[in-house]
Amino acid sequence: MDSTQCSSIPSHDGAKALFPSATMTNFLDRTNAGPIVVLASVCFYLVATAITFITLADSCEHLKAYEKQSANAAATVLAASVLMRAVYFITPRATSLTMADYAMFATNSIAASANFIMGNFATPIVVDPITGSHQYMIRWCEWTTLAFLMTFVVEGVSAHDVRDPLSLATLMGLSAGCGLVFPFCTNYWVWAFVMCFSFVTYFALFPRLARRRRIYRESVESCSCPNDVSQVVANKVSAHLLTRCSVMWTIITAEYCVVWFAAVYLGDDFAREGRPQWPFVLDALTDVAAKLIYAHVIACAHHHLPLEAERQNVRWIRDAMDIVWTTSRDVILLSELRSDKTARTLASKGLASLIGQQEALRWGAWHVHSINAPGEMSQITDTT
């Protein structure tokens, strides 16, 4: 049996030595772009809010009863989320935090502060001169900032450089930022141009989504070694997150259009003296859902990305070893020495060429035998 190769059962570390896998770190965690974008987003929100209060001081007013209740409820829920994340930061597990955790902490903090400000202070509320709908300017300061930040974090999952995340995030920020411009468009054609610009930049999300899905399919088809698995997983997670991103922003866009059409249809009922409260309540509900659910999904995706990549690597290694095990003409024996001085051995299909098909069948599953026992392949003396 000179052609027989004997070895012990390989450990997972041994398998990784045979099939090395790439370290799974996403773009945000291996560059300084993440911290810079988070800090820039927070600064933009603070500056935009301050400018809004200063320039629109004459338009400041308190919310109505239901609006105030919904704003304070949203602020309370979001503040609880911020507090939970803050507590998590000081636990021993804080060393495993990703840049996405800090980005989502900033996201919920901005959203909580915006709702708190609107619920407890007089804030700028401006009537759109074309549609007659009321625009809550602090809400648009919040959404403009977070449209950029959340999209950047989503795109950072599978990015190789800052270009792709920054480009799509900028487009989404510009799309939401048009909400800050509409109240000042007194000319219909100027307003229509800004609206078209807003939709064009918003629709840029869908070609990017189609591209992400295509890249994922292509990476699955071209995956040929464990080094490719990490990128396949990143592409998959990126496509799924961008799908959820498109759904979330579509809901917000649809909500704006509903309020817009209702304002045009109802006409005088949307005047300042008779301002309906349901649009703001709907905004608050959407805000909480987007920040709690979607932000949580983003943070979890960044956390689970390395784990999912590792699982896929193990699966790839298992499948590769299975091919070697079933197709190799050499005889491969996996033998384990037991505490009772017996051994259990598993043989590959190539053993049939040496001892015959019938005799090899019992070695096709783990077979317990004594060492050097007559009739039990006594030539096996090394089980290490």
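# A walk through the predicted model

Thr 123 is found in strand 3, which covers residues 123-127, and that is where we begin our tour of this predicted model. With a relative accessibility of 1%, Thr 123 counts as buried. Setting aside neighbours within four places in sequence, Thr 123 is in contact with Phe 53, Ser 59, Cys 60, Glu 61, Ile 117, Met 118 and Ile 138.

Another threonine makes a good counterpoint. Thr 76 lies in helix 4, residues 65-89, and at 55% relative accessibility Thr 76 counts as exposed. If you like to check distances yourself, try the C-alpha atoms of Thr 76 and Phe 116: they are separated by 8.1 Å, with the two residues 40 apart along the chain.

Now let us turn to the charged side chains. Side chains of opposite charge can pair when their charged atoms come close. A search of the whole structure finds eight salt bridges, and a few of them are worth following one after another. Start at Glu 142, whose side chain meets that of Arg 139 in a salt bridge, 3.1 Å from N to O. Glu 142 and Arg 139 are separated by about one helical turn, because they are three residues apart in helix 6. Both Glu 142 and Arg 139 are buried.

Glu 142 also forms a salt bridge with Lys 291, where the closest N and O atoms are 3.6 Å apart. Here Glu 142 lies in helix 6 and Lys 291 in helix 11, so this pair ties together parts that are 149 residues apart in sequence. Lys 291 in turn forms a salt bridge with Asp 287, with the closest N and O atoms 2.6 Å apart. Lys 291 and Asp 287 are four residues apart in helix 11, so about one helical turn separates them. Both are buried: the relative accessible area is 3% for Lys 291 and 0% for Asp 287. Through shared partners, salt bridges join Arg 139, Glu 142, Asp 287 and Lys 291 into one network.

Which side chain of opposite charge is nearest to Asp 283? Asp 283 lies in helix 11, residues 278-327, and the answer is Arg 139, 4.7 Å away. Asp 283 is buried yet has no salt bridge; the reason is that a salt bridge needs a side-chain nitrogen of Lys or Arg within 4 Å of a carboxyl oxygen of Asp or Glu. Not counting residues up to four places away in sequence, Asp 283 touches Arg 139, Trp 143 and Glu 255. Arg 139 has an aromatic partner too: its charged end sits over the ring of Phe 280, 5.2 Å from the ring centre.

That brings us to the rings. A pair of aromatic rings is described by the distance of the centres and the angle of the planes. The structure holds 15 aromatic pairs. In one of them, the rings of Trp 140 and Tyr 256 have centres 5.9 Å apart and planes at 75°, so the pair is edge-to-face. This pair links distant parts of the chain, since Trp 140 is in helix 6 (residues 137-155) and Tyr 256 in helix 10 (residues 226-266), 116 residues apart. Both Trp 140 and Tyr 256 are buried.

Tyr 188 and Trp 189 also form an edge-to-face pair, at 5.3 Å centre to centre and 80° between the planes. Tyr 188 is partly exposed, with a relative accessible area of 48%, and Trp 189 counts as exposed at 66% relative accessibility. Back at Trp 140, ring pairs link Trp 140, Trp 143, Phe 182, Trp 191, Tyr 256, Trp 260 and Phe 261 into a cluster.

Our last stop is the nonpolar interior. In soluble globular proteins, nonpolar side chains tend to be buried together. How many residues does the largest nonpolar core have in this model? The count is 70, and the residues with the most contacts inside this core are Leu 149, Val 153, Trp 249 and Ile 298. Helix 6 provides the largest share of the core, 13 residues. Ile 298 is in contact with Met 104, Met 150, Val 153, Val 154 and Leu 241, leaving aside its neighbours within four places in sequence. There is also a second, separate core of five residues, which includes Val 331, Leu 333, Leu 351 and Trp 363.

Definitions and conventions. Residues numbered from 1 in each chain as written. Heavy atoms only, no water. Phe/Tyr/Trp six-rings, centres within 6.5 Å; stacked < 30°, edge-to-face > 60°. Helix = DSSP H or I, 4+ residues; strand = E, 2+ residues; numbered from the N terminus. Buried < 20%, exposed > 50% of the residue type's maximum accessible area, 1.4 Å probe, protein only. Lys NZ or Arg CZ within 6 Å of the ring centre and 35° of its normal. Core = buried A, V, L, I, M, F, W, Y, C linked by side-chain atoms within 4.5 Å. Contact = heavy atoms within 4.5 Å. Lys, Arg positive; Asp, Glu negative; His and termini not counted.
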